[in-house]
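Hi,

Here is the structure I promised to pass on. Have a look at it first, and then read my notes below.

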Amino acid sequence: MRALGGGARPPGKTSGGPANAAAPLLSVQALTVAYRVRTGLFSSQPLHALSAVTFNLEQRETLGVVGESGCGKSTLARAVLGLVAPASGRVRLESEDLSKLPPARMRTRRRIMQMVFQDPLASLNPRMTAGRIVAEPLGVFAPHLTPAERLARALDMLARTGLPQSAAHRYPHEFSGGQAQRIGIARALITEPRLLVCDEPVSALDVSVQAQILNLLADLRAGGRLAMLFITHDLSVARAVSDRVLVLYLGRIMEIAPAAQLFAAPRHPYTQGLLASAPPPTPQAARNWRPPTLAGEAPSPLSPPSGCVFRLRCRRAKPQCAEQVPPLETADDGRQVACIRWREG
């Protein structure tokens, strides 16, 4: 079993950066998502969960998305899949603007976009057996198959995710958390998707089971054309699975970089603070370790600071940081950083 923080590279993971030079599988352009939040009996105001988020996901790439709670990670997952309507911006899948597709075409696109949820048991229908749960998407996306053919495919997919055929006749409550997550992964993969969005898929599991699920995802990815948007708050998990890492703070991108570069030499002050707060990978190194804290607390997304949203917690902030939103600039090594002082080292 591969350790999460020991530097081992899962099967199928590239040495950093896109897996190939083809057109991106997913292109997110200036994506903004806002909610109306009630502030009084007759009043409300917008909450910008995402603001002008732009990135590409390449074919067969895994892009990790990290940040503190409330930074917009789950909103990003749902917006990419069209489960949340953006206020502005575009999400393109294989060059098609998903917001402009007619319902029939969007239905066919959903076959190649699937999601693995955070809570495995809560995402499974307790009244259906595992076999029926895994086979259910085929009723929508492969209606030409007979019930026997759907069950046969479900049994094959359960086997690929490490579960015996007997599991098909059991109900969700009869499985452990790790086994239930395997069922969720099997259900997501039964339609042979090109894009798998994983929203904290291992956060509810203990460390040993986390490693099993991450190894499973890596092996499945290595055997096909699967790309993943992998959302996690655990930096060791992000490091283990990601080709590149996207860092979010208050709905804005702070930094995007190949995983090896980001963990070796983060450029944005927020990324530096996040990595400094992560525990060391070995018990020996962690023995005398005391986690540093980022200055202050994240401000309310209902009233974000002007200019750089991180400036109130940044030890390197200067007056210019309050005057404009820093653009996401591209460095010589290909990483992108949204900070006016990042070139100072």
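What follows is a walk through what I found, one region at a time.

First, a caution: this is a predicted model, so please read everything here in that light.

The overall picture
The chain has ten helices and twelve strands. Of its 345 residues, 48% are buried. If you take the contacts with a separation of 6 or more, 67% of them are between residues 24 or more positions apart.

The four-stranded sheet
Let's begin with the open sheet, where four antiparallel strands are arranged in the order E2-E1-E4-E5. E2 (44–57) and E5 (96–97) are the edge strands, and each has a single partner, so one side of each has no neighbour in the sheet. Helix H1 (residues 73–80) packs on this sheet and touches E1 (26–38), E2 and E4, with its direction at about 115 degrees to that of E1. At the E5 edge, two bridges hold E5 to strand E4 (residues 88–93), again in the antiparallel sense. To find that pairing on your screen, look for Leu93, whose bridge partner in E5 is Glu96.

Over on E2, Ser51 is a residue to click on. Is Ser51 buried or exposed? Its relative accessible area is 11%, so Ser51 counts as buried, the cut-off being under 20%. Beyond its neighbours within four places in sequence, Ser51 contacts Leu31, Thr32, Gly251 and Arg252. Arg252 belongs to strand E10 (residues 252–258), which brings us to the next region.

Around E10
E10 is largely enclosed by the rest of the structure, because six of its seven residues are buried. Strand E9 (residues 244–249) runs antiparallel to E10, and six bridges join them. Within that pairing, Val247 sits opposite Glu255 in E10. The two strands make a hairpin with two residues between them, and Leu250 in the turn has a positive phi of about 50 degrees. E10 is also joined to strand E12 (residues 336–337), by two bridges and in the antiparallel sense. There, Ile256 has Gln336 in E12 as its bridge partner.

E6 and E7
Which residues cover the two faces of strand E6 (residues 113–116)? Met113 and Met115 are on one side, Gln114 and Val116 are on the other, and all of them are buried. The partner here is strand E7 (residues 195–199), and this pairing is parallel, with four bridges. Met115 is found opposite Val197 in E7.

Helix H4
H4 (residues 147–160) is a nice one for a quick sanity check. With 14 residues at 1.5 Å a residue, H4 should span 20 Å, and its end C-alpha atoms are indeed 20 Å apart, so the two agree. The buried residues of H4 are Ala154, Leu155, Met157 and Leu158. Looking down the axis of H4, you will see these buried residues within an arc of 165 degrees, so they line one face of the helix. As general background, an α-helix has 3.6 residues a turn, so residues three or four places apart point the same way. What do the buried residues of H4 pack against? They pack against helix H3 (130–141) and helix H5 (177–189). Just after H4 comes Gly162, which takes a positive phi of about 90 degrees.

Ala238
Ala238 is in helix H7 (residues 235–241). Its relative accessible area is 0%, so Ala238 is buried. Setting aside neighbours within four places in sequence, Ala238 is in contact with Val66, Thr232 and Phe263. Another pair to look at is Ala238 and Thr62: they are 176 residues apart in sequence, yet 9.6 Å apart in space, C-alpha to C-alpha.

Cysteines
How many disulfides does the structure hold? The count is zero. Cys321 is in no disulfide, and the nearest cysteine sulfur, that of Cys308, is 6.1 Å away. The cut-off for a disulfide is sulfur atoms within 2.5 Å, so that pair does not qualify. Cys321 is buried, with a relative accessible area of 10%. Cys71 is buried too, at 3%.

That's everything from my side. Happy to go through any of it with you.

Cheers

Notes. Residues are numbered from 1 along each chain as its sequence is written. This is a predicted model: local features need pLDDT of at least 70, side-chain atom pairs count only at pLDDT 80 or more; totals for chains, interfaces and linings use all residues. Side-chain values use heavy atoms; hydrogens and water are left out. Two strands pair if DSSP finds at least two bridges between them. Contact means heavy atoms within 4.5 Å. Axes are lines fitted to C-alpha atoms, for helices over the stretch in contact, and angles run from 0 to 180 degrees between N-to-C directions. The expected span of a helix is 1.5 Å times one less than its number of residues. Buried means under 20% relative accessible area, exposed over 50%, partly exposed in between (1.4 Å probe, protein chains only). The arc is that of the directions from the helix axis to the C-beta atoms.
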